[in-house]
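I sat down with this one to see what the two chains would tell me. These are my jottings, in the order I looked things up.

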Amino acid sequence: MQQDGVLADYDPGSLFCEMLRPGQPPHPALALLRERLGDLPIASLRHRAADAERDLLERGITFTVYSDATAIDRILPFDLIPRLITAEEWQTLEAGVIQRVRALNLFLHDVYHDRKILNDGIVPRELVLGNAAYCEAMIGFTPPLGTYVHVCGIDIIRDDSGRILVLEDNARTPSGVAYVVENRHMTLRVLSDLMARLRVRSVDEYGLQLHRAMTEIAPGGISDPQVVLLSPGIFNSAYFEHVFLAREMGVPLVEGQDLIVEDGSVWMRTTAGLARVHTIYRRLNDDFLDPDAFRPDSQLGVRGLMDAWRRGAVSIANAVGTGVADDKAVYAYMPRIIRYYLGEDAILPNVDTRSCAEPDGLAYTLAHLHELVVKPVAESGGYGLLIGPHASQAELADFRDKLKADPANYISQPMIKLSVSPTLCDNGVMPRHIDLRPFAITGRDTWVLPGGLTRVALRPGSLVVNSSQGGGSKDTWVLA
Amino acid sequence: MSETFAVSKHLIARHAGSALWLARYMERIENLARLLDVTKTFARDTEGDNNWLSLLRINGDAAAFFAKHATPEATSVAHFYLLDADNSASVQTAIRFARENARTLRALISTEMWLQINVFHGQIRALRETDIAPEELSNVCAMLKEGVQSHTGITEGTFYRDQCWHFYMMGRHIERADQITRLIDTKFNALLPTTRDATIDAGEWNALLRAAAGYHAYRREYPHGYRPPEVASFLLLNTAFPRSAGLSLAQLDWHLTTLRSRYHLRGCTHALARLDELQSMLAAQTVDEILRRGLSPFLDWMQRELGALHADIMTNLCGAPAPSSQEQTQA
């Protein structure tokens, strides 16, 4: 029955496939998995995929999309065929992520204190101090344990030669971890036969680890600190994840209106009156956090919160002003930043990146526009970028004008042919491009959730995996 | 030893309010389904229109209804209550608010509760004209009742019984107490027009008791037939009857007392005092006395007091701003 199996017509061509692993020594677990997929009729896979989709919708494992006056709950499309990471690969990835998070935290401390890295000319002053995400209110303030980026999501890709590269750092309020855990639960519900007797690392520890870190960073001298998760509320598109995390940590899910600063401390309004809050894991952007310190029109934040934090009465994760470290232009300097603080080479290399703020970078980018990916530094979610090889002449000309008008706003990178994974599509199981976002939690030390969020570009040939651009996700199996 | 569990955990005041509202909205759906079903079943004769009108009056919705429809009949009333999303008293509105409150509470309620509400919401949202045609009405009502009953059962079996559960349960009992007074009020006005000893249509009493899910129990208690004071007593005072006002008040008392003693919520004081008065008024008089003094004013008073009790809880425990015109209250 081989010909009816899931992988029967699957052909990734010259792309690197995470399942077939061309040129790598045979791996027993991968071989077993391929065999099982080979035996699994595609009709059965489709049937299970339909079950999973309905289940996700009914369970409300959704994000909310607003258009005009209507709110629609959408699921992040879930592809049942898992993405695999071998134990050796994970070792490298984990070490690389931990290294990067250490460097990000040291960098943030430095740019808000002595600015050595700027004074030594490693990173251009203007890039940091003139950055919109650089937060004056953070100057001279050290958050507990010197940790700024308590939750970090680092976007990782693999090119057609199988090389693992970092594409982007997310040091503000990275999202997506709820899908990692829910995708695993979904696999166990509808496809557990695929996983039988394979040793796949568990993803169930995230809530515990997050709570541990939030406890570690709490103001000193408190044995059992009150942690809360601060959400913009039920209409936020990531609300499901906020629910998930509050539940997994076993802490109240609060909104700005539930908190108040009084007598220098932060309190939550409970049925018994005000109760002290010690650590806030906030899923609210910097701008909205405190109308006294930032946007005065914010209805979502808590008046006086920044002041209470600076006085040490409360701890906030992630710290404010971390956006200066995950800026796409600063990203280009990450290998140098790692070397500067840690005296080590980056374990995970960057994608070769040119900053158009530099004349050479701009000249090169303009000359090679048709073969480059050009990204605005301040955007995320896959918006506003140009994929040169896929663009028409008119689009190229148009973008050239934009680039010349504001070169400092752009970086360029070679187009990476992202690795692929077999993915169930309308016309069969096809190779689709994927990336990976591992999640690292840092209190005193850094812990990395085994695996991470694998996003998959469901459109044929598309390299954009963002959910806002037609991306889906997969369960990520780290083999033990 | 058991006291060490749950007691030390704080409950966000706003969440307590959401729990109370969640229960009220779910109860309302079941109640509405019961009333529609019974009205439909007993509205086959020429006087059927009166029944539809009395249903509108029970809920205090006559004015809102006539602003949109000319005649109260099966189709228009069913549309008004089952499909009209702009009608604040429709099941569409109730399930929307129920789900919104459940969404607020999603980290506190069980996953099964959320899942069922989410699916139920989808079923109600999908209702179309053809689903509520007179010949289908009983099916829709059965679907609605079963949806709420599933919710109630899942809640009973899976909702962790800490503070949040107590607030949820208070919402259920306030709503039930309120609904039963409305049901009695309208029916007794309709059934006792001028003379107390007029011949009373057994079918009407049947309908009333069935709407309250009390028909069989009533037959067992009073096999000889219908006497208005006995029906009123059964619905108001009989604490063996799950929807009686007396039982709902007793349950409310227990939840409030527990919240005060076990969770040390000082904000319970006002509500407890008010509840105490409600219970004494109910206990201090026989139904004959209530009927003699005027049932309707008494029921009006109860509804107002229940509304005030709800407001006491919302203000003193759930962090709601001062009472006055709560947009969602019915009282």
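Below are my entries, starting with the overall layout and ending with the odd backbone spots.

**Ground rule**

I'm reading a predicted model here, so local features need pLDDT of at least 70.

**Domains of chain A**

I pulled up the domain assignment for chain A first, and it lists domain 1 as 220-313 and domain 2 as 354-414. I then checked their spacing: the centres of domain 1 of chain A and domain 2 of chain A are 39 Å apart, taken over C-alpha atoms.

**Chain B overall**

I counted secondary structure next, and chain B comes out with 15 helices and zero strands. I looked at burial too: 45% of its 331 residues count as buried. For contact range, I took the contacts in chain B between residues at least 6 apart in sequence, and 72% of them join residues at least 24 apart.

**Where the chains touch**

How many residues does each chain bring to the contact? I get 17 from chain A and 22 from chain B. On the chain A side, α9 (239-249), β7 (253-254) and β9 (265-270) each supply at least two residues. I sorted that side of chain A by class and found nine nonpolar, three polar and five charged residues.

**α13 against α15 in chain B**

I went for a helix pair in chain B: α13 (residues 268-284) and α15 (residues 295-316), whose axes come within 9 Å and cross at roughly 165°. Anything over 145 degrees counts as roughly antiparallel, so α13(B) and α15(B) are roughly antiparallel to each other. I noted the hand as well, and this crossing of α13(B) and α15(B) is left-handed.

Which residues meet there? From α13(B) I have H270(B), A271(B), R274(B), L275(B) and L278(B). Facing them from α15(B) are M302(B), E305(B), A308(B), L309(B), D312(B), I313(B) and N316(B). By class, the contact of α13(B) with α15(B) splits into seven nonpolar, two polar and three charged residues.

**L272(B), while I was in α13**

I stopped at L272(B), which sits in helix α13 of chain B. Buried or exposed? L272(B) is partly exposed, because I find 17 other C-beta atoms within 10 Å, and the buried class starts at 20. Leaving aside neighbours within four places in sequence, L272(B) is in contact with L256(B) and R260(B). I also took a C-alpha to C-alpha distance from L272(B) to E112(B): they are 160 residues apart in sequence and 32 Å apart in space.

**α8 against α9 in chain A**

Back in chain A, I checked helix α8 (residues 206-216) against α9(A), and they pack at an angle of about 75° with their axes 8 Å apart. That angle makes α8(A) roughly perpendicular to α9(A). I listed the contact residues: Y206(A), G207(A), L210(A) and H211(A) come from α8(A), while L245(A), E248(A) and M249(A) come from α9(A). I class the contact of α8(A) with α9(A) as four nonpolar, two polar and one charged. I recognise α9 of chain A from my interface entry, where it was among the elements supplying residues that touch chain B.

**M334(A)**

I moved on to M334(A), which lies in helix α12 (residues 334-342) of chain A. Why does M334(A) count as buried? I count 23 C-beta neighbours inside 10 Å, so M334(A) passes the cut-off of 20 or more. Sequence neighbours within four places aside, M334(A) is in contact with A346(A) and N350(A). A346(A) is twelve residues away from M334(A) along the chain, and I have their C-alpha atoms separated by 8.3 Å.

**Backbone oddities**

I finished with a backbone scan. The peptide bond from A317(A) to N318(A) is cis, with omega near -15°. I place N318(A) in the loop between β12 (315-317) and α11 (328-331) of chain A.

Next I flagged R115(A), which has a positive phi of about 55° although it is not a glycine. R115(A) is in the loop between α3 (87-111) and α4 (116-119) of chain A. It counts as partly exposed, with 15 C-beta neighbours inside 10 Å.

In chain B I flagged A213(B), where phi is near 60°, a positive value in a residue other than glycine. A213(B) lies in the loop between α9 (202-211) and α10 (215-221) of chain B. I have A213(B) down as partly exposed, with 16 other C-beta atoms within 10 Å.

Technical notes
Residues are numbered from 1 along each chain as its sequence is written. Chains are lettered from A and ligands numbered from 1 in the order in which they are written. This is a predicted model: local features need pLDDT of at least 70, side-chain atom pairs count only at pLDDT 80 or more; totals for chains, interfaces and linings use all residues. Domain bounds come from an automatic or database domain assignment. Axes are lines fitted to C-alpha atoms, for helices over the stretch in contact, and angles run from 0 to 180 degrees between N-to-C directions. Helices (H or I, at least four residues) and strands (E, at least two) are DSSP runs, numbered from the N terminus. Angles under 35 degrees count as roughly parallel, over 145 as roughly antiparallel, 65 to 115 as roughly perpendicular and the rest as oblique. A crossing is left-handed if the near helix is turned anticlockwise from the far one by less than a right angle, and right-handed if clockwise. Two residues are in contact if their C-beta atoms, placed from the backbone, lie within 7 Å. Ala, Val, Leu, Ile, Met, Phe, Trp, Tyr, Cys and Pro count as nonpolar, Asp, Glu, Lys and Arg as charged, and the others, Gly among them, as polar. A residue is buried if 20 or more other C-beta atoms lie within 10 Å of its own, exposed if 12 or fewer, and partly exposed in between; C-beta atoms are placed from the backbone.
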